[in-house]
Amino acid sequence: MSHSRIGLVATQPCYRPIMSALLSLSLMSIVAGCAAVPLEQANSLASYDGLTSNNGRLTKANYKVASTDLVTTRTIYIEPTKVSGAAAQSIKKFSDQALVANVISRALCVGVSDRFAVVERKEDADLVVHATVTHIVPTNATVAGLSTVASLGANFVVPVPVPRLPMGLGGLSVEAEATTRDGKQVGAMVWAKGANFVTTNARVSQIGDAYSLAASFGSDFSKMLVTGKTPFRGLPKIPSGQRIKSGLGGKPKYPACEKFGRSPGLIDFAASQVGMPPSWTDKQPPAQSQ
């Protein structure tokens, strides 16, 4: 028997436990998929009539937008996002609730800046946007910690990224609307999304997943207002320069967005890779704290 043949026989058993573990994880992933989060209403919208349903695999939403009413709109005001009483019951710390809400406000402010001028006073705005967190499915921090350890350990053994454990996943539900000065509703959305084991990093915090998903809602709602149509169809587009700059922690396009603080950018990205809580890198702006 040749040396190469001996080497092959000797190394095969070493790979079997690894391949078996990856196969088991894949089977678990197929069953679990992502966290199930219901579409919930907090009665914060002027109307829920005429909403179109989007029943996506990851994102569920009911929405509407009056594109013709947005044609002459130039200025916009973003109210600080609120947390409903029902949503607050599932998260122990007020600071964690406020952090999720603030990420939504920041994402909305940066997102609408692609089309509208964001103003600092409601009285100066053609359009006013307000959002409410209706439900938070807490992340199981213990499972998230185990998942981070397992993923980091596996990365030393196999040269491919290992998904997080598909258990204890969190989720987020939000509703929002945009109204004109005279109170006419020109955009509305009831939205829900759960974390998934592949694209949502495990973070050791009750709001680990809700924090990651908050920016996703802000992006969907602002995109609807900017384009005047559904944000759930079509191919993804390259973000604008001002969005990239803000996402990396740079100065926002409009000073009015500063009240929501700046994104922690690459620092938070690095922290998320090792499971650090979002509160370690993203600090609540003083103006938004209790």
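## I238 and its surface patch

In this predicted model, I238 sits in the loop that runs between α5 (208-227) and α6 (241-247). Its relative accessibility is 77%, so I238 counts as exposed, the cut-off being over 50%. I238 also has company at the surface: together with I244, L248, L266 and F269 it makes a nonpolar patch of about 580 Å².

## Helix α5

Just ahead of that loop comes α5, a helix of 20 residues. From its first C-alpha to its last, α5 reaches 30 Å, close to the 28 Å expected at 1.5 Å a residue. While I238 is exposed, α5 is mostly covered, with 14 of its 20 residues buried.

If you follow the chain out of α5, you come to G228. The phi of G228 is positive, near 75 degrees.

## The disulfide

A search of the whole structure turns up 1 disulfide, and its partners are C109 and C257, with an S to S distance of 2.0 Å. The pair ties together distant parts of the chain: C109 belongs to helix α3 (residues 94-112), C257 lies in the loop between α6 and α7 (265-273), and 148 residues separate them.

For a look at the local geometry, turn to the S-S bond: the angle about it is -90 degrees, and the link of C109 and C257 is left-handed. Both cysteines, C109 and C257, are buried.

## Salt bridges across the chain

The structure holds 7 salt bridges, and here are some of them. R106 and D282 meet through their side chains at 3.0 Å, N to O. This pair links distant parts of the chain, with R106 in helix α3 and D282 in the segment after α7, 176 residues apart. R106 and D282 are both buried. Helix α3 thus carries a partner of the disulfide, C109, as well as the salt-bridge partner R106.

E79 pairs with K122, and their closest N and O atoms are 2.6 Å apart. Here too the partners come from distant parts of the chain: E79 is in the loop between β3 (75-78) and β4 (82-83), K122 is in the loop between β5 (117-118) and β6 (127-137), and they lie 43 residues apart. E79 counts as buried because its relative accessibility is 17%, whereas K122, at 39%, counts as partly exposed.

## R121 and D124

One further salt bridge joins D124 and R121, whose closest N and O atoms are 3.1 Å apart. D124 is partly exposed, with a relative accessible area of 35%. R121 is also partly exposed, and its relative accessible area is 46%.

Key:
Residues are numbered from 1 along each chain as its sequence is written. This is a predicted model: local features need pLDDT of at least 70, side-chain atom pairs count only at pLDDT 80 or more; totals for chains, interfaces and linings use all residues. Side-chain values use heavy atoms; hydrogens and water are left out. Patches are made of residues with over 30% relative accessible area and no salt bridge: like charges are joined within 9 Å, nonpolar side chains (Val, Leu, Ile, Met, Phe, Trp, Tyr) within 5 Å. Accessible areas come from the Shrake-Rupley method with a 1.4 Å probe; for residues, only the protein chains shown count as cover. A salt bridge is a side-chain nitrogen of Lys or Arg within 4 Å of a carboxyl oxygen of Asp or Glu. Helices (H or I, at least four residues) and strands (E, at least two) are DSSP runs, numbered from the N terminus. Buried means under 20% relative accessible area, exposed over 50%, partly exposed in between (1.4 Å probe, protein chains only). The expected span of a helix is 1.5 Å times one less than its number of residues. A disulfide is a pair of cysteine sulfur atoms within 2.5 Å.
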